[in-house]
Structure formats: C-alpha cells, structure tokens
Amino acid sequence: MKKVLLAEADIPERWYNILPDLPEPPSPYLHPATLQPLGPADLAPIFPQAIIAQEVSQDRWIEIPEQVREVYRIWRPSPLYRADRLEKALDTPARIYFKYEGGSPAGSHKPNTAVAQAYYNAQEGVKRLTTETGAGQWGSALALAGSFFGLEVTVYMVRVSYEQKPYRRVLMETWGATVHRSPTDLTNSGRSVLARDPDSPGSLGIAISEAVEDAATREDSKYSLGSVVNHVLLHQTVIGIEAKKQMEMAGEYPDVVIGCVGGGSNYAGLSYPFMADKLSGARPGTRFIAAEPAACPTLTRGIYAYDFGDTAGVGPVVQMHTLGHNFVPDPIHAGGLRYHGDAPSLCVLVRRGLMEARAYAQNECFAEAVRFARSEGFLPAPEPSHALRAVAEEAAAAREAGDSRVILFGMCGHGHFDMSAYEAFLAGRLEDLELPQPRIDEAVKELPKTPVA
Ligand SMILES: Cc1ncc(COP(=O)(O)O)c(C=O)c1O
C-alpha cells in the first residue's frame, strides 16, 4: 500500500490540547512593559476572546467549529504515504511514513490554524488581520483564510524572503492581502531597526514587532500568529489525529516521530497526539526528534529563559529556548525556521528529555530533499528537508542495528516557490556558515531581567 486516505467524515471534530497532559505547565506569559504575568485583558488588543480562551484552556479536547471543518474539507484529510521508494534509496530496513501537508491551497500546514484564526476573528467582528511571514508560507495561509472569511490581511514579510521569494508575495496579493517588506518605515519598530541598520535582512522577530504594533494601534485590527503559541499548536493537531488513524489503518505505530521545528507548530501538530500516548504511559518507548537548522539552533544551543517573542519587545514575554530576541540568523533558505525562540510546550518536552533535538546545516538537508524528490517525487520545502536529514540518520541507524523501526515524519510543505534555493544547491552555491558561540553569547546578554525566573 502506497498511501492511506481518510474520508471527509474523518476530518477530526476536536483538536487535542496537550497542556493538561504536560509533566509541568509552561510558565505564564509576561507583560512586555511590566514583566509581570499577563492577564487575558492584556491580550485583548491583539487577539479575539475565543483565541485567548484557547491559549490558556486546560480542556484536553476542543471542538472544531463546523465552519472551520467546512473549509478544511478543501484539502483535508491529508494523505499519509509509505515512503517505500525512499526506504530503497536510503537502503534501510526501516519502514518510513510521511504525512503530507503540501496539498493545501497555500502549500503547507499553515492554513490549519489560519482558517481557525480567521473564523474566530470574523465571528467577533474584526475587519482586518496583521501578521508577519518568513518564507511566505504563513502569510499565504492567512491571506487565503482572510479571503474565505472576508477579512483584510496585511503581511510584514521578512526582507530576505521578500527578495528570495517574490512569487510568494504575488500569491498573497492574489488572495487579496497587502504585503510589506520588513523592516518598513511604517512602524516605530521598523524605523528603529532601519536607523541602526539600513541594510537589515529582517527577521521574524522584527516582522512580529511590526505586525503587533500595527494591530494594537488600530481599532478594527487584530494580530494573527503562525506558530509558537498554544492555540496555533492546538489547531495543528488535526495533522497528528489524522495520522494516528492512518497509521492504525496501516497496522503500524511509529517508533520514532520526526519533524522540523521553526516555532514548533507543524511538529507539535503531528507529534502531540502520539506524545499523549507516551505521557499517559500507553506507549512509553516512542522517540521524538525535532530537527532544526544549525544557523538558528534554538533547541540545541539556545538557553532556556524568559525572552521577548519579538525584537522590539511589544509582544508577550515567553519562557522558552531562545537565542535572544535580537539574534538575526544567517539568511538560510529555510526562512520559516529562522525564529529565535520555540513553542513553550515543546521546550518543556525537550527539557524533560521526552523529545530530542538535532541541528543540521542546509547543504546536508538539501541533499536529502533532492533524494526525496528523486525517490518519492514531491519537492519538499526547505523547512521539512531538516526532518528528512533526521530521517536519513534514523534510517542509517536502523540499517546498522538491523531493525525495521517505524519512522513517521512530517512533510509539512512543498518547495515550488523555493526553486532559487534548489538552483543554488544544485550549482554548489549554497553556503554552510558556522555559527560562532560568541554571536549567541552576545545576543542572549539582552534577555529581559524578569522577576520570575
Ligand atoms: C513549510 C514550513 N515548514 C515549517 C515552518 C516552521 O514553522 P513551524 O515550526 O511552526 O511549523 C514553516 C514556517 O513558515 C513553513 O513554512
């Protein structure tokens, strides 16, 4: 069997919330000005009430509104594939499966939460959403979702991606969004970055500051985030809930679950429904591997501390693995993995040893992306090529150990807008820059001095 398909009726009716099952709760968010714990009222200028309630909910299961499932039907349930041709290419006895999220109209997992967020905002009378985007995947997803629910969408796009991926901008504009190259001179946050460095390549942290400031200073607007926070990870669990059912239909349960991590949403979405079984003791032996870029190694080299989620310090302060909110990663092609922090729940799992993290340089990842394209056909986005690198390591380990472990990984997006990156790789022009420790040490010096450690 090559792929396992579910019926429309199998689209999950509830999202899985891992918060009540975590071995310790993530620390509360802090207010950026007072550094005291945030209350729901503090979040009201930027998020609608339903999202704020989900962010702190202790309910294990949260119902998916029918209007959201209605839109999910366009591309969900997504297929689960047996990567038997990749297994041969890797010469491994491991059995490899992947969940493919590249079939959504925007080309990645991001619409799973964009649609939910647009729905809740529209329900509460919001007219306009602002957001940031790195690779352009998230911005495209929100532009798409905005068009379904009649919302205006403004996207601050990280300059390096804006220049590397002009067609992502056109895609967002086609769905009706307005796209700005960040840093801009439209916000205080953008202007202050440009004053320091007129050639700043931008970063997700800077773009978030701009989008939050824009939303917080306009009555008709709210802000929408594509990763990191609890409600985004929650919405993405449709991936893992479906995958669990599909693995069951294939008569399998994964020994190892792998995904790439930028802020953590696609990987949490795939892995948390399986992590639930590890946390409950039903499947204690399952291993979890989070793959991140060596150029932005938050989980493997960041420190665990409270930090601003954005560069200008206008959004919530979060305890997480961080490289410092002023850290600007080298302009690798996996733009969606260039965030300085990670989802708090994922950090708890890594700290507790329930999840492992590995970092990879971009050339070794692109080599696996090309191997995947030549064996399975699909062209991966640069982000999930990091997951592929970890899969290749596990496949080699299975060969050496002579076992046929079951590997499940997330193929969270296609790379059709990343051809310049493939071109550079194929021509041998991709660079793997070292990240010297002093650069990290320097950036983490600027963490906020929080009263709560
Ligand atoms: C295709 C793709 N994968 C992964 C990511 C990283 O985000 P996250 O870790 O939240 O899934 C992005 C972010 O833009 C993305 O576009």
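**A colleague's note on two helices, two cysteines and one glutamine**

1. Let's start with what surrounds helix α6: its buried residues are covered by elements that include α5 (111–123), β6 (128–133), β7 (152–158) and α8 (166–174). Please keep in mind while reading that this is a predicted model.

2. How many residues of α6 are buried? The count is 10 of the 13, so α6 is largely enclosed by the rest of the structure. If you would like to find them on screen, the buried residues are Q137, W138, G139, S140, A141, L142, A143, L144, A145 and G146.

3. The length of α6 holds no surprise. This helix covers residues 137–149, and its first and last C-alpha atoms lie 19 Å apart, close to the 18 Å expected at 1.5 Å a residue. Just after α6 comes G150, which takes a positive phi of about 70 degrees.

4. Next, helix α13, which covers residues 265–280. With 16 residues at 1.5 Å each step, α13 should span 22 Å, and this agrees with the model because its end C-alpha atoms are 22 Å apart. Burial is the rule here too: 14 of the 16 residues of α13 are buried, which leaves the helix mostly covered.

5. Where does α13 kink? Look at Y272, shortly before the proline P273, where there is a kink of about 45 degrees. Past the end of the helix, G281 follows just after α13 with a positive phi of about 90 degrees.

6. Now for the cysteines, in case you were wondering about disulfides: the count is 0. C296 is in no disulfide, and its nearest cysteine sulfur, that of C347, is 12 Å away. Likewise, C347 is in no disulfide, with the sulfur of C296 as its nearest at 12 Å. A disulfide would need the two sulfur atoms within 2.5 Å, so this pair does not qualify.

7. Are these two cysteines buried or exposed? C296 is buried, with a relative accessible area of 2%. C347 is buried as well, at 0%.

8. Finally, a look at Q437, which lies in helix α19 (residues 437–444). Q437 is partly exposed, with a relative accessible area of 37%. Which side chain does Q437 meet in a polar contact of 3.0 Å? That partner is the side chain of R301. For a sense of the fold around this spot, Q437 and N326 are 111 residues apart in sequence, while their C-alpha atoms are 15 Å apart in space.

Terms used. Residues are numbered from 1 along each chain as its sequence is written. This is a predicted model: local features need pLDDT of at least 70, side-chain atom pairs count only at pLDDT 80 or more; totals for chains, interfaces and linings use all residues. Side-chain values use heavy atoms; hydrogens and water are left out. Buried means under 20% relative accessible area, exposed over 50%, partly exposed in between (1.4 Å probe, protein chains only). Helices (H or I, at least four residues) and strands (E, at least two) are DSSP runs, numbered from the N terminus. The expected span of a helix is 1.5 Å times one less than its number of residues. Contact means heavy atoms within 4.5 Å. The bend at a residue is the angle between axes fitted to the seven residues ending there and the seven starting there. A polar contact is a pair of N or O atoms within 3.5 Å; within protein, one must be able to donate a hydrogen and the other to accept it, and residues adjacent in sequence count only if both atoms are side-chain atoms.
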